[in-house]
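This report describes one protein structure for a reader who is new to such models. Please keep the structure in view while reading.

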Amino acid sequence: MNTIKKLTLLGLASLVIYGCGGTIDIISTPPENIDTSPLKVSEVTEAEQKNWGHLDLEKDTIPGMSVDKAYAEIIKHRKGKKVIVAVIDSGIDIDHEDLDGVIWTNRDEKPNNGKDDDNNGYIDDVHGWNFLGDGYNEQLEFVRILASGNTNHPDYARAKTEYEIEQPKWEGRKTQYDQIYQQVKGAHETLTKHFGKENYTQKEVNAIKTQDQTLTQAVQIAQYMFSNGLDSLTEALKEVKDGLEGINDHLNYNLNKTFKGRVTGDNPDDMNNKFYGNGNVKPVKKSESHGTHVAGIIAAERNNGKGANGVANNVAIMSLRAVPNGDEYDKDIALAIRYAVDNGAKVINGSFGKSFSPHSDWVRDAIAYAGKKDVVFVHAAGNDSQDVDKHPNFPDDNVNGKEVSNNYIRVGALAPKYGSGLMATFSNYGKNNVDVFAPGDDIYSTTPENEYDSKGGTSMAAPGVAGVAALIRSYYPNLKAAQVKQIIMDSGLPLKTKVIVGGDSNNIQPFANVVKSGKIVNAYNALIMAAKMSAN
């Protein structure tokens with residue numbers, strides 16, 4: 001985990017907004033460029049490190065969303081309206097100690113009786129629906145296009161080009177990781193033999209003085225791993241082994257043109273068959289942790305003395321399992337959105353995406369349907385370090401730039417440092433098609449079997465914004481989805497600093513160039529603005 005630095009700034013300005021209870025300050029950002037300002041740097045605590053996305057730019061000088069400030073100064077002990085938030089993802093551990101009290105229950109469905117009690121077409125959908133059935137691994141969408149053999153497909157040529165780039169790249173990564181694993185394994189065995197124990201320390205390794213070439217090489221490898229934040233070669237072996245597992249999955253399943261993953265028995269190219277899958281909304285294996293992590297960012301039970309705090313405090317999480325280990329099917333996503341809308345969700349989080357979408361119209365129609373039914377849809381911008389104005393990322397809400405609805409919010413990811421490194425290196429961006437940025441790197445949240453972990457991705461940024469949307473809808477329920485989107489975009493902090501874009505140190509631009517609003521999301525400001533809009 002990267003160490004977060006706390007920066008102390010001067011000159012934070014404020015803008016006064018008038019609400020129904022008098023005046024209250026909306027936080028603003030310093031007019032000077034942070035990179036040229038005198039900085040005082042101090043370490044944050046471990047608790048702050050695990051909660052950085054909730055911290056406050058003005059008080060903590062960390063680019064969080066001012067969630068803690070919102071609870072302390074605005075929400076306090078107020079009671080809001082319960083809001084159903086649908087999480088379309090890889091499944092959620094609904095029994096997790098920090099989530100079990102916030103899981104949506106369909107009161108019209110009697111559990112495990114094999115009947116469709118509420119006549120919505122889904123049998124035993126008590127906590128949501130699983131559109132994947134027992135499936136897990138899947139191909140990437142461009143691989144499915146190639147595997148179809150349909151050379152007349154409009155994306156066939158682009159898919160072929162993509163495959164010819166990606167397949168050898170991942171084969172090269174496998175070779176590299178195999179070599180690293182063997183080197184680290186050999187170094188660990190050498191050092192274990194030298195010390196007569198496996199749990200040697202960094203200090204002991206650094207103290208070695210030897211003319212033995214093999215031992216010297218082992219020391220160099222260990223010191224390199226220590227310099228990268230790893231505490232031991234045992235930890236390094238685990239990291240490399242986990243990386244190898246992911247690479248092998250990518251080659252064996254995601255990029256394998258002969259792999260068949262679909263197990264639900266439906267035709268993913270036919271929307272007529274809608275009622276497939278089952279009511280088991282939990283992940284099929286512990287490592288399928290993405291959905292549980294996302295759910296915790298939104299709604300992990302607050303201040304219960306356990307691992308993490310969610311952004312929203314008065315929500316019910318609906319679990320919709322539709323994202324496999326590979327690319328999601330457009331049909332599953334479109335139906336999951338419609339299920340969420342038809343069963344009462346007021347906010348939907350979509351922490352998934354892909355560059356090819358044969359039935360993108362199905363998903364856009366579902367997003368437009370959600371808009372007509374007053375449901376906010378929050379989508380992760382993607383992790384390719386690309387400009388999505390130029391490189392497509394699905395699902396989107398527009399055709400040739402013309403939006404189909406006003407309920408869709410696309411979110412880029414922030415890193416925990418204010419200044420030129422503000423944008424997470426992996427985050428997609430786009431002046432026209434990314435609406436806001438929010439904390440998304442090194443985010444601590446729930447994982448299956450009552451565990452917790454830090455993960456990074458725009459997948460972690462989107463649920464933070466979904467949580468803010470849920471707060472607005474809870475405390476100001478008269479506001480419509482389009483108003484919630486407007487508030488989130490307008491109430492953010494307009495950053496003045498220039499940032500490194502896409503992890504490329506040669507590409508430094510004003511932050512306002514890479515995001516439509518020019519702002520980072522701020523829960524405190526959003527609730528102030530919501531109060532004003534609600535009163536009017």
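The sections below go from the whole protein to its core, a helix pair and some backbone details.

## Overall form

The model described here is predicted. The protein has 14 helices and 19 strands. Its C-alpha atoms fill a box of roughly 80 × 60 × 45 Å, taken along the principal axes. For 536 residues, a compact globule would be expected to have a radius of gyration near 24 Å, and the protein agrees with this because its own value is 24 Å.

Of the 536 residues, 54% are buried. The exposed surface comes to about 23,400 Å², and carbon and sulfur atoms supply 46% of that area. Among contacts with a sequence separation of 6 or more, 75% are between residues 24 or more positions apart.

## The nonpolar cores

Which residues of the largest nonpolar core touch the most other members? They are Ile317, Val378, Phe437, Val468, Ile472, Ile488 and Phe511, in a core of 85 residues. Helix 12, which spans residues 458–475, gives the most to this core, with 11 residues. Another core, of 33 residues, lies apart from the largest one; Tyr276, Met318, Val323 and Tyr408 are among its members.

Ile488 can serve as an example from the largest core. Leaving out residues up to four places away in sequence, Ile488 touches Ile409, Val436, Val465, Val468, Ala469, Ile472 and Val521. Two of these partners, Val468 and Ile472, are also listed with Ile488 among the residues that touch the most other members.

## Helix 3 and helix 14

Helix 3 covers residues 67–75 and helix 14 covers residues 523–535. The axes of these two helices come within 7 Å and cross at roughly 40°. On the side of helix 3, the contact is made by Val67, Lys69, Ala70, Glu73, Ile74 and Ile75. Helix 14 contributes Ala523, Tyr524, Leu527 and Ile528. What kinds of residue make up this contact? There are 8 nonpolar residues, no polar ones and 2 charged ones.

Ile528, which lies in helix 14, can be followed a little further. Its relative accessible area is 6%, and residues under 20% count as buried, so Ile528 is buried. Ile528 and Ile472 are 56 residues apart in sequence, while their C-alpha atoms are 9.7 Å apart in space. Ile472 is one of the residues named above for touching the most other members of the largest core.

## Backbone details in loops

Phe394 and Pro395 are joined by a cis peptide bond, with omega at about 0°. Pro395 lies in the loop between strand 9 (376–380) and strand 10 (398–399).

Where is Asp124 found? Asp124 is in the loop between strand 5 (83–89) and strand 6 (128–130). Its phi is near 60°, a positive value in a residue other than glycine. Asp124 is buried, with a relative accessible area of 15%. Asp442 also has a phi near 60°, again a positive value in a residue other than glycine. This residue, Asp442, lies in the loop between strand 13 (436–439) and strand 14 (443–447). Is Asp442 buried or exposed? Asp442 counts as buried because its relative accessibility is 12%, which falls under the 20% cut-off.

Notes: Residues are numbered from 1 along each chain as its sequence is written. This is a predicted model: local features need pLDDT of at least 70, side-chain atom pairs count only at pLDDT 80 or more; totals for chains, interfaces and linings use all residues. Side-chain values use heavy atoms; hydrogens and water are left out. A nonpolar core is a set of buried Ala, Val, Leu, Ile, Met, Phe, Trp, Tyr and Cys residues joined through side-chain atoms within 4.5 Å. Buried means under 20% relative accessible area, exposed over 50%, partly exposed in between (1.4 Å probe, protein chains only). Helices (H or I, at least four residues) and strands (E, at least two) are DSSP runs, numbered from the N terminus. Contact means heavy atoms within 4.5 Å. Axes are lines fitted to C-alpha atoms, for helices over the stretch in contact, and angles run from 0 to 180 degrees between N-to-C directions. Ala, Val, Leu, Ile, Met, Phe, Trp, Tyr, Cys and Pro count as nonpolar, Asp, Glu, Lys and Arg as charged, and the others, Gly among them, as polar. The radius of gyration is taken over C-alpha atoms; the globule rule is 2.2 Å times the number of residues to the power 0.38. Accessible areas come from the Shrake-Rupley method with a 1.4 Å probe; for residues, only the protein chains shown count as cover.
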